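Work through the exercises below on the enclosed spaces of the structure shown. Each task is followed by a solution in steps.

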Amino acid sequence: MKKIFLIPLFLFPAFLLPAQKGWFEFQEKPASDQSVIDMSDWLDKPAGKHGFMQNKDDKFVFEDGTEIKIWGVNIADNRIFVERPVARKWASYLAKYGVNGVRFHKFSRPGYRDENVSTQLSLEYLDKLDFFSNQLKDQGIYYGWSHIYGHSPQPGDSARLLSYSEIKNAGSGHLKGTTIGLVHFTEDLQDLSIDLTVNMLNHKNPYTGLRYADDPGLSFIELQNEDNIFFATTEGFLMQCPTYKALACREFSKWLKNKYGSHEGLVKAWGKEAIDAFDKNQTGEHLDKENIFPMANHVLMSSAFIYRPDIRKRLLDTALFLFEQQNKFYQRYAKAIRATGYKGALIGSCWQAGDNVAHLYNLYSDYLIGAIDRHNYYGGGAGGHNMSEGKLQNTSMLSSPGSGLMSVGMQAVVDRPFAYSEWFDLSPNEWIAESVPLIAAYGMGLQGWDASYAYACNYPHLVNGLEAPNHGVYNADAPMHMGLYPAVARMIYSNEIKEGGYLGIQKVHIPSLAEGKLGFDMNIEQDWDQKEFKGTIPPKTLVIGKVGIEFVNQFEETPAPQLSSFIDTTAQKLYSTSGQLTWSYGKNNYFTVNAPSTKMWVGFLPRKKVESGGYTLRCENPFAVVSLNSLEKGKTLSDASRILISTMGRTRNKGMEYNAAGDSLISKGEPQLMMEGVRFTLTFPQNISGKICILDHNGERTDEWIDVKGKNIRLDGGRYKAYYYELCLDK
């Protein structure tokens with residue numbers, strides 16, 4: 001054992017302090033079972049031992065009454081269908097980092113199914129899914145199904161469909177030839193999705209000995225990924241299928257005739273200008289011809305358009321019709337799933353429908369099925385799904401409280417569990433490390449969210465670079481993301497971050513939406529996967545107390561929340577209602593976490609001591625995450641004899657360059673991850689005595705130890721080429 005004697009910071013003359021810049025290469029060696037960060041013994045094995053995961057008010061609760069929070073990841077596409085040694089390694093890797101849930105995503109595409117029909121997975125791929133599912137279950141990791149992302153009919157399905165050829169030629173890109181945006185209008189397409197799901201549930205997994213319908217390791221089923229009826233014409237899906245377009249027009253016309261009696265009654269209600277208002281989609285509209293076009297476009301139903309007097313009534317009627325159509329589909333689908341005996345959680349879809357009435361109808365449609373689930377992303381740049389030189393979004397979410405990834409909480413509903421089934425802070429944003437503690441402390445903690453699945457886990461190991469090979473910027477295996485899981489998962493599973501009190505509840509009366517009455521201001525800015533929410537309830541409410549939507553029985557106005565008692569404008573701080581979280585804004589943007597077994601500092605910390613629950617940190621980096629966690633379950637930091645110190649600074653590819661303003665990437669470098677060592681002094685509330693072990697990048701002990709005595713310890717990640725440390729105290 002090699003000892004390093006630590007000299008207290010105050011004994012260093014200023015000119016002898018280590019240089020402020022110290023970057024090192026990320027290094028990973030083959031994993032062993034000796035990792036200090038290993039969380040596999042924190043997981044409740046096997047998954048399903050408490051029965052099925054179900055909704056109970058606003059929580060996920062097992063059949064025996066045990067509550068559960070899922071801290072998970074997505075595994076998508078062919079990555080699910082791996083060979084057995086890889087499946088074993090993957091399950092162990094996830095357990096080590098504290099992952100207790102996997103969202104198996106978009107795994108029913110052509111290539112994984114029977115070659116002739118779309119309602120059966122192939123036997124080869126089913127066997128791989130069966131084995132992987134069982135491996136996860138044995139490790140205490142629950143798996144859920146998000147299997148359908150644009151169902152692709154096959155030739156053997158053609159006799160069942162109104163027009164197979166139209167569907168096969170519709171759409172574009174990865175959604176070409178799918179039922180996305182169309183499936184809500186007609187039962188022939190719906191039956192394909194339903195039959196596939198039912199067939200999968202009735203399949204018996206030979207490794208568990210159970211049908212999937214009977215396996216409580218299957219925690220949820222999502223009816224469809226990123227799809228709803230409110231954008232069927234946004235991308236032209238309906239317009240590319242004349243048979244299905246005619247059917248949708250007939251159904252809408254019948255609905256209108258039932259409401260208004262005649263074409264004259266319709267014109268009187270809508271106004272003449274509303275007929276043929278969408279002449280690029282339909283002309284010569286007349287109720288008797290049954291050709292009134294249902295404009296399924298959430299952009300047109302947004303706040304920017306729906307108040308136009310010439311089309312307002314038409315859009316409001318269309319929104320209500322679409323809402324009812326989607327409900328019929330979801331109820332048929334859910335009934336078929338329940339008929340198999342499956343008792344786990346159900347999710348309608350994870351996809352938001354713009355803002356205003358379409359968004360709220362769609363949210364209520366999901367509410368009627370079960371848990372609420374949503375997606376959001378942040379960061380990224382010119383390369384989109386991949387990283388490339390050019391402009392980028394290189395701002396920190398800490399500069400605007402409640403923005404970015406946190407803003408999705410504006411869609412949580414007060415009496416339903418809330419899941420965040422896809423999210424990520426995308427490269428080449430430099431501040432990626434802020435996202436994991438942000439979602440864990442403020443989302444899973446203060447807001448009381450119930451499940452998180454980062455997108456996406458691509459390999460059974462950490463990835464040495466900002467991008468995941470073959471999956472671009474969606475790289476949850478990056479050390480600055482997955483590397484922080486052992487800290488935040490301990491915090492989440494200890495249930496030590498208290499939920500806040502409700503400060504803002506948006507009251508939604510569904511019948512009033514038919515008149516366009518909301519009762520609150522709403523402005524949702526949506527750029528594909530990235531969304532921002534503003535309105536009567538300001539975003540900063542999300543970092544102070546709970547925010548939610550409540551579906552009420554009569555119309556109510558939503559008052560603005562009273563936040564002043566939680567804001568110190570002089571000190572520029574926002575305090576959570578729980579008293580455990582403090583957000584500093586202004587010159588330095590950062591937050592602190594004060595919980596019994598966790599202390600955490602995240603962001604752009606000032607060059608002075610920052611306190612959290614009696615512990616103080618003085619950080620020398622421009623940006624950093626520093627976390628203290630008890631390594632002993634059930635013990636607080638003051639009781640524990642072993643403490644994990646996790647750190648993370650900025651990360652870049654080797655040779656990566658930004659412009660001087662930081663808003664453009666000049667070179668993305670090569671796939672060797674460079675990590676900025678975090679340099680800090682930590683002061684304990686009492687004298688301590690013991691040793692610190694420098695851990696390698698797998699979290700395993702090295703032969704470097706530091707003697708500790710007194711209140712202060714100073715660590716330099718650049719010097720030690722480390723981001724994990726184990727503090728062993730003399731007790």
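**Cavities in the model**

Searching the whole structure yields five cavities of 30 Å³ or more. The model is a predicted one.

**Exercise 1.** State how much space lies in the largest cavity, and describe its lining by residue, element and class.

*Solution.*
1. Volume: the largest cavity holds about 100 Å³ of space.
2. Residues: its lining consists of 16 residues, and those nearest the centre are Ala-412, Val-413, Gln-447, Tyr-502 and Lys-546.
3. Element: strand S19, residues 546-551, supplies three residues, the largest share of this lining.
4. Class: eight of the lining residues are nonpolar, three are polar and five are charged.

**Exercise 2.** Do the same for the second largest cavity: find its volume, list its lining, and say which strand gives the most to that lining.

*Solution.*
1. Volume: about 80 Å³ of space lies in the second largest cavity.
2. Residues: the lining is made up of His-359, Met-410, Gln-506, Asp-521, Met-522, Ile-524, Phe-533, Lys-534, Gly-535, Thr-536, Ile-537 and Ile-549.
3. Elements: strand S17 (522-527) and strand S18 (530-535) are the elements that each give two or more residues to this lining.
4. Main contributor: S18 gives the most, with three residues.
5. Class: the lining of the second largest cavity has six nonpolar, four polar and two charged residues. Gly-535 belongs to this lining, and Gly is counted as polar.

Terms used
Residues are numbered from 1 along each chain as its sequence is written. This is a predicted model: local features need pLDDT of at least 70, side-chain atom pairs count only at pLDDT 80 or more; totals for chains, interfaces and linings use all residues. Side-chain values use heavy atoms; hydrogens and water are left out. On a 1 Å grid over the protein atoms alone, a cavity is a set of points where a 1.4 Å probe fits but cannot get out, and a pocket is an open set with protein on both sides within 12 Å along at least five of seven lines; lining residues have an atom within 4 Å of a point. Grid points are joined across faces, edges and corners, and a volume is the space filled by probe spheres set on the points. Helices (H or I, at least four residues) and strands (E, at least two) are DSSP runs, numbered from the N terminus.
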